[in-house]
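Colleague: I would like a close look at a single part of this model. Please take one helix and its surroundings and go through them in order.

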Amino acid sequence: MAARKKANKKGASTVTKKTKAPSGSTAARKRKAAAATASRRTAAKAKTSRSAKAKTDKSEAKRRAARAASIAAAKRRAAHAAQSAEAAKHAAKPAKAEVAKPAVKPAPEVKAVRETAPSPRPAVAPAKPIAPLAKRAPLAEPEAAVGAKPAKPVAAPRPGFKVNEFVVYPAHGVGQIVAVEDQEVAGFHLELFVISFAKDKMTLRVPTAKVAGVGMRKLSEPDVARKSLEILTGRARIKRTMWSRRAQEYEAKINSGDINAIAEVVRDLYRSEAQPEQSYSERQLYEAALDRIMREIAAVQKLTEIEALKLIESHLKRSQRRAAKADGVEGDEAAVEEAA
């Protein structure tokens, strides 16, 4: 019994020993692995921090080296500039001495002459003629100022325009010169034509020197006005281009101030009752051109604007009749050709 008890005690002791975690158990291995990974992580962190520090040190060293190099270059440039300035100064010194020598030479000769002169007061003698000159100088200036008139800019020759005369200003059409004014603008004296456009209720002032530049002209001669009416009786010549381009050409002709060019615009944009209606932009250009030519023909032929408008419309209708006859003749010729 005692032996069994001892054996049981030994078995129990061995069992308790087996329940303890031996060194080769799973838990111990996990703890070791965790400790190893933690140590590796700390080592990696230390390594990365050392490498980052080394990189920052290298970049800082490069920046310092670049700063030092730039400072040294600036010093070298400053030294070179100082040397060049010093060399220029040394080179200029002999030139100054050479220039000064001839000015110094006549001094002793003048002194010798003064010493040999018999006059007891050589210093006062040259001062006598200078004093009256100094007194007379200010007297001469007021005389010149009183006798002289204020200078005026030379005005350009005035073109052959008269007051109450009708003229053509390209951008606005026919106007009447109501006065000639003199104005001072920014210190300049200007002579201006005052042009009144009664229908537009507008007054325009044009410098007489700029009349040719802006294209202002007298009214057309009666022969030129008759030629413009003949242009209205011709056949319309419409280019096969985009309307925007044709509109620009028509507007340039209207603003040119040439009565024949304006007549061409009226002829090309005219539409009779039998023809399709115009667009808004076409109508605007047509009315602008018609107003320009109507005013000038009325002023040239001494008609009212209504009479001038009727005259223009009669010529335009004549052109339409000619175009209709021409179309009929062409149609007859085409029919004869088909029959043949």
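Modeller: I will take helix α7 and what packs against it, beginning with its crossing of α8. This is a predicted model, and α7 passes α8 in a left-handed crossing. The residues that meet here are Trp-243, Tyr-250, Lys-253, Ile-254 and Ser-256 from α7, and Ala-261, Ile-262, Glu-264, Val-265, Asp-268 and Leu-269 from α8. Sorted by class, this contact has 7 nonpolar, 1 polar and 3 charged residues.

As for the geometry, α7 and helix α8, residues 259–269, have axes that come within 7 Å and cross at roughly 140 degrees. Angles over 145 degrees would count as roughly antiparallel; α7 and α8 are therefore oblique to each other.

Helix α8 itself deserves a word. The buried residues in α8 are Ile-259, Asn-260, Ala-261, Ile-262, Ala-263, Val-265, Val-266, Arg-267, Asp-268 and Leu-269. That makes 10 of the 11 residues of α8 buried, so the helix is largely enclosed by the rest of the structure. For the protein chain of 340 residues, the share that counts as buried is 20%. The buried set in α8 includes Asn-260, Arg-267 and Asp-268 alongside residues such as Ile-259 and Val-266. At the start of α8, the backbone nitrogen of Asn-260 has a side-chain oxygen of Asp-258 within 3.3 Å.

The other partner of α7 is α9. Helix α7 covers residues 243–256 and helix α9 covers residues 280–300; their axes come within 10 Å and cross at roughly 15 degrees. The two helices, α7 and α9, are therefore roughly parallel to each other. This crossing of α7 past α9 is also left-handed. On the α7 side the contact is made by Trp-243, Ala-247, Tyr-250, Glu-251, Ile-254 and Asn-255, and on the α9 side by Ser-281, Glu-282, Leu-285, Ala-288, Ala-289 and Arg-292. By class, the contact of α7 with α9 has 7 nonpolar, 2 polar and 3 charged residues.

Some α7 residues serve both contacts: Trp-243, Tyr-250 and Ile-254 appear in the contact with α8 and also in the contact with α9. On the spacing of such residues, a general point applies. An α-helix has 3.6 residues a turn, so residues three or four places apart point the same way.

Next comes the loop that leads into α7. Ala-236 lies in the loop between α6, residues 222–232, and α7. With a relative accessible area of 37%, Ala-236 is partly exposed. Leaving aside residues up to four places away in sequence, Ala-236 touches Arg-267 and Asp-268. Both of those belong to the buried residues of α8, and Asp-268 is also among the α8 residues that meet α7. The C-alpha atom of Ala-236 is separated by 8.5 Å from that of Ser-319, which is 83 residues away along the chain.

For the setting, the protein chain has 10 helices and 5 strands. Among its contacts with a separation of 6 or more, 55% are between residues 24 or more positions apart.

How values were computed: Residues are numbered from 1 along each chain as its sequence is written. This is a predicted model: local features need pLDDT of at least 70, side-chain atom pairs count only at pLDDT 80 or more; totals for chains, interfaces and linings use all residues. Side-chain values use heavy atoms; hydrogens and water are left out. Axes are lines fitted to C-alpha atoms, for helices over the stretch in contact, and angles run from 0 to 180 degrees between N-to-C directions. Helices (H or I, at least four residues) and strands (E, at least two) are DSSP runs, numbered from the N terminus. Angles under 35 degrees count as roughly parallel, over 145 as roughly antiparallel, 65 to 115 as roughly perpendicular and the rest as oblique. A crossing is left-handed if the near helix is turned anticlockwise from the far one by less than a right angle, and right-handed if clockwise. Contact means heavy atoms within 4.5 Å. Ala, Val, Leu, Ile, Met, Phe, Trp, Tyr, Cys and Pro count as nonpolar, Asp, Glu, Lys and Arg as charged, and the others, Gly among them, as polar. Buried means under 20% relative accessible area, exposed over 50%, partly exposed in between (1.4 Å probe, protein chains only). A polar contact is a pair of N or O atoms within 3.5 Å; within protein, one must be able to donate a hydrogen and the other to accept it, and residues adjacent in sequence count only if both atoms are side-chain atoms.
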